[in-house]
Amino acid sequence: RYAKRLHKVVRRLVPTCDVRFLLSQSGSGRGAAVVTAVAHRLAAQRRRLDAALAPFLLPPSILQEVRDSMRAELEYGLKSETQAQATVKMLPTYVCGMPDGTEKGKFLALDLGGTNFRVLLVKIKSGRRRSVQMYNKIFAIPLEIMQGTGEELFDHIVQCIAEFLEYMGIKGARLPLGFTFSFPCRQTSIDKGTLVGWTKGFKATDCEGEDVVDMLREAIRRRNEFDLDIVAVVNDTVGTMMTCGYEDPNCEIGLIAGTGTNVCYMEDMKNIEIVEGNEGKMCINTEWGAFGDNGCIDHIRTKYDREVDEGSLNPGKQRYEKMTSGMYLGEIVRQILIDLTKQGLLFRGHISESLRKRGIFETKFLSQIESDRLALLQVRRILQQLGLDSTCEDSIIVKEVCAAVSTRAARLCGAGLAAVVEKKRQNRGVERLQITVGVDGTLYKLHPHFSRILQETVKELAPQCDVTFMLSEDGSGKGAALITAVAKRLHNVGQK
């Protein structure tokens, strides 16, 4: 009666569970064999998973190589004889001063750098009650305009400006304007910027090789409703540095780690061969996303990187950016998941329709999945939202893949930044450098581990530099207004 009573008691104590009892046939012998077989399968899976992720584990020696290659590319970009061939373009911005606290007045700022466009009114007060007040409105840029004609794009921008001026009741005022244009531009002065090439999904025709400030002025003239004093065209990285420089005079580097990636820094004029003059400093927009386009980091690119690159809008370009920025990390993860599924290591070997869709795995999912507070059940829920029916085992593997991709991105970004801070140290000729880096970007701000790994890598690869990281509060808006204010101040001083 033992079995019968056992079944009855179990049913009574857990009435919500349907428990089935199965007699074991030769458990100790056959069971040992089954345990061995499962362990063997898991060990084989582990080896294949490790082999797939091994190229993402960059040892210190490789990171030192990346740092040294980046340093060499920075030098090529500054020298007049090699600048034309350099992949890291080291574009002069003609921003030659940092805020000194005397800036004041009302300024307009435009921010174009992604699928949204912002117009801002920025009021700067100086003196003891120094402050910056901002009012802004966000406008969407439809895909057909991002990839239409240049005239359509700039007409859309001016339409948004008109709506904002109407909204703020300042349509008649001719305010100084700073235009944050977060794409590679070659500048010949602070208010002239020739577009080198589109990035981040933009493909508007008849813009590359054209002055974006002229295109904006022409669009304003076509509308014929208001006039603006366009003082400065600004890269978002420079705006980030300026915003933090307003709070901390020791900030001479700006870093963006978000949808795209870039760095700017204050360089001694005597080192910038492509600009006349040896006195003072000028901010250099490195456009380091193109680092590696000459093949110098091909040895660390994986087959997944190549697949992502080939499927992008600009194959063969921005290779460093494609390994380190938010726009591409999710797509790298998706390529790895497809490969592991083909090998039978994930999702029972079944590639779902959703997994076949390019862009399905957004980088925000990496941040969510890698959160230390997230249990495996919640990871499974995220994967189910993406149409991926996963087991707990699958969730563990997906979490590991996400960690490998984002850790490599942070370490590569840290290696590049170590090259910049080391260059600053040598420029100053000091044994030990104290410097602040102004940072912006969703990857840095929202990913649970990216910022920590980046900072650790910089410390490891630039041990003689004490680097403070300062989060930028709206560099692309506030920064553009501050650059405009500084440019106005320097212009007035020059006139006097």
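**Exercise 1. Trp288 and the nonpolar cores**

Task: Which residues does Trp288 touch, not counting residues up to four places away in sequence?

Solution. Step 1: leaving out those sequence neighbours, Trp288 touches Met70, Val88, Leu255, Thr261, Asn262, Val263, Tyr320, Cys413, Gly416, Leu417 and Val420. A contact here is a pair of heavy atoms within 4.5 Å.

Step 2: note the basis of the values. The model is predicted, so local features need pLDDT of at least 70 and side-chain atom pairs count only at pLDDT 80 or more, while totals for chains, interfaces and linings use all residues. Residues are numbered from 1 along each chain as its sequence is written, and side-chain values use heavy atoms, with hydrogens and water left out.

Step 3: place Trp288 in its core. Together with Phe361, Trp288 touches the most other members of the largest nonpolar core, which has 84 residues. Such a core is a set of buried Ala, Val, Leu, Ile, Met, Phe, Trp, Tyr and Cys residues joined through side-chain atoms within 4.5 Å. Buried means under 20% relative accessible area, exposed over 50%, and partly exposed in between (1.4 Å probe, protein chains only). Helix H13 gives the most to this core, with 16 residues.

Step 4: look for another core. One of 41 residues lies apart from the largest, and its members include Leu112, Ala162, Leu165 and Phe202. In soluble globular proteins, nonpolar side chains tend to be buried together.

**Exercise 2. The chain as a whole and its annotated domains**

Task: How many helices and strands does the protein chain have, and what part of it counts as buried?

Solution. Step 1: the chain has 16 helices and 13 strands. These are DSSP runs, numbered from the N terminus (helices: H or I, at least four residues; strands: E, at least two).

Step 2: of its 496 residues, 53% count as buried. The C-alpha atoms fill a box of roughly 105 × 50 × 45 Å along the principal axes.

Step 3: take the contacts with a separation of 6 or more. Residues 24 or more positions apart account for 70% of them.

Step 4: add the record. An unreviewed UniProt entry places "domain: Hexokinase N-terminal" at residues 50-246 and "domain: Hexokinase C-terminal" at residues 252-486. UniProt positions are given in the numbering used here, feature names are shortened, and annotations may be inferred rather than shown by experiment.

Step 5: describe the two stretches. Residues 50-246 are 35% helix and 26% strand, with end C-alpha atoms 47 Å apart. Residues 252-486 are 49% helix and 14% strand, with end C-alpha atoms 15 Å apart.

**Exercise 3. A cavity and a pocket**

Task: Which residues line the largest cavity, and which line the second largest pocket?

Solution. Step 1: fix the rule. On a 1 Å grid over the protein atoms alone, a cavity is a set of points where a 1.4 Å probe fits but cannot get out; a pocket is an open set with protein on both sides within 12 Å along at least five of seven lines; lining residues have an atom within 4 Å of a point. Grid points are joined across faces, edges and corners, and a volume is the space filled by probe spheres set on the points.

Step 2: this gives 1 cavity of 30 Å³ or more. The largest cavity holds about 40 Å³ of space. Its lining consists of Phe181, Phe183, Cys185, Gln187, Val233, Val234, Asn235 and Asn285. At least two lining residues come from each of strand E6 (185-189) and strand E8 (229-234).

Step 3: sort this lining by class. It has 5 nonpolar, 3 polar and no charged residues. Ala, Val, Leu, Ile, Met, Phe, Trp, Tyr, Cys and Pro count as nonpolar, Asp, Glu, Lys and Arg as charged, and the others, Gly among them, as polar.

Step 4: turn to the second largest pocket, with about 170 Å³ of space. Leu42, Gln45, Arg46, Leu49, Leu345, Glu393, Ile396, Ile397 and Glu400 line this pocket. Helix H2 (27-53) and helix H13 (392-428) are the elements that give two or more residues to the lining. By class, the pocket lining has 5 nonpolar, 1 polar and 3 charged residues.

**Exercise 4. Loop residues**

Task: Is Asp206 buried or exposed, and where does Asp206 lie?

Solution. Step 1: Asp206 lies in the loop between strand E7 (192-195) and helix H6 (212-223). Asp206 counts as exposed because its relative accessibility is 63%.

Step 2: check the backbone. Phi of Asp206 is positive, near 60 degrees, and the residue is not glycine. Most residues other than glycine have a negative phi.

Step 3: Asn224, in the loop between H6 and E8, also has a positive phi, of about 55 degrees. Asn224 is exposed, with a relative accessible area of 66%.

Step 4: Asn314, in the loop between helix H8 (303-310) and helix H9 (319-324), is buried at 15% relative accessible area.
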